[in-house]
Amino acid sequence: MKKVAIVTDSNAGISPQMAKELGVFVIPQPFMIEGKTYFENIDLTYEEFYKTLENEVDVRTSQPVPTDMMEVWDDVLKEYDELVHIPLSSGLSGACQSAMMFADEYDGRVHVVNNQRISVTQKQSVRDALMLIEKGHDGKEIKQILEEDKFNSSIYIMLDTLKYLKKGGRITPAAAAIGTVLKLKPVLQIQGEKLDAFAKARTINQGKKIMIDAIRNDVNTRFGGEDPDNISIHIAHTNNHDMAMEFKAEFEEAFPGVIVKDVDELSLVVSCHIGPGALAVAVCKTLK
């Protein structure tokens, strides 16, 4: 049986310590801050990132440098027969296409998964891949199974501010001004390859209810019902841990028997576009 490794990027929210515990390899996401490159979880912590945003400093995302990625692959393949690389969704970054192109140089030993995942759902894909290795699947099979499962997840995010959507050009200044005056809390959805508007809330409690109802609809219409064995639930946030923990308790009350698997920071790539103070929930259909 082939010895298979799992590689991902830091958009999955896997810290260096967690990567060591899981036995996976993580390529750090680069960010440009005032023209200087920083790497997530290497020389850019979550605290430093949000402080930079608050100080109105220009922060931009950047694709991993191909040579850095290939150096990781080369090192991994010294010990493993092949590897499965699970990058950020191709709909949100060009890194996936780049990885697929460079994988052609590895004679079938590198399998790049294009399964439209990000952040907590991308982390779940890593866990699924490890489970598939335990069941004896090789890299090609793992890639196929994860890609067939790509639409079996959803993320809903309630924003605290419209400032960063406006800054990124995702909404007009006029729409941002109206939303700010009305104190709207937009709820966005990530499903597949797109970050889209989903609903508008006037209060935090209304926004939470919208997200809980949306998850319930997905679970009951797409994922086989509210049996805890059918789904995994993940709470996430952007520099909003206390509210996320409160939401975890509220969510578990709304779904008796369902245990929230994680309470994590959202990917910093997402945070660049939505800013601090956001609250999110994700659901993934259990891969069996």
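This report describes salt bridges and one helix pair in a predicted model.

The model is predicted, so local features need pLDDT of at least 70 and side-chain atom pairs count only at pLDDT 80 or more, while totals for chains, interfaces and linings use all residues. Residues are numbered from 1 along each chain as its sequence is written, and side-chain values use heavy atoms, with hydrogens and water left out.

**Salt bridges**

Side chains of opposite charge can pair when their charged atoms come close. A salt bridge is defined here as a side-chain nitrogen of Lys or Arg within 4 Å of a carboxyl oxygen of Asp or Glu. Searching the whole structure gives 12 salt bridges. The table lists three, including their N to O distances.

| Acidic residue | Basic residue | N to O distance |
|---|---|---|
| aspartate 58 | arginine 60 | 3.0 Å |
| aspartate 213 | lysine 209 | 2.7 Å |
| glutamate 252 | lysine 248 | 3.2 Å |

Accessibility is expressed as relative accessible area: buried means under 20%, exposed over 50%, and partly exposed in between (1.4 Å probe, protein chains only). Aspartate 58 is partly exposed at 33%, and its partner arginine 60 is exposed at 52%. In the second pair, aspartate 213 is partly exposed at 35%, whereas lysine 209 is exposed at 51%. Lysine 248, from the third pair, is partly exposed at 21%.

Two of these pairs lie within helices. Helices (H or I, at least four residues) are DSSP runs, numbered from the N terminus. Aspartate 213 and lysine 209 are four residues apart in helix H9 (residues 204-222), a separation of about one helical turn. Glutamate 252 and lysine 248 are likewise four residues apart, about one turn, in helix H10 (residues 241-254).

**Packing of H9 and H10**

Two packed helices are described by the angle between their axes and the distance between the axes. Axes are lines fitted to C-alpha atoms over the stretch in contact, and angles run from 0 to 180 degrees between N-to-C directions. H9 and H10 pack at about 45°, with axes 11 Å apart. The two helices are therefore oblique to each other; angles under 35 degrees count as roughly parallel, over 145 as roughly antiparallel, 65 to 115 as roughly perpendicular, and the rest as oblique.

Contact means heavy atoms within 4.5 Å. On the H9 side, the contact includes Ile204, Met211 and Arg216; on the H10 side, Met243, Phe247 and Ala254 are among the residues met. By class, this contact has eight nonpolar, no polar and four charged residues. Ala, Val, Leu, Ile, Met, Phe, Trp, Tyr, Cys and Pro count as nonpolar, Asp, Glu, Lys and Arg as charged, and the others, Gly among them, as polar.
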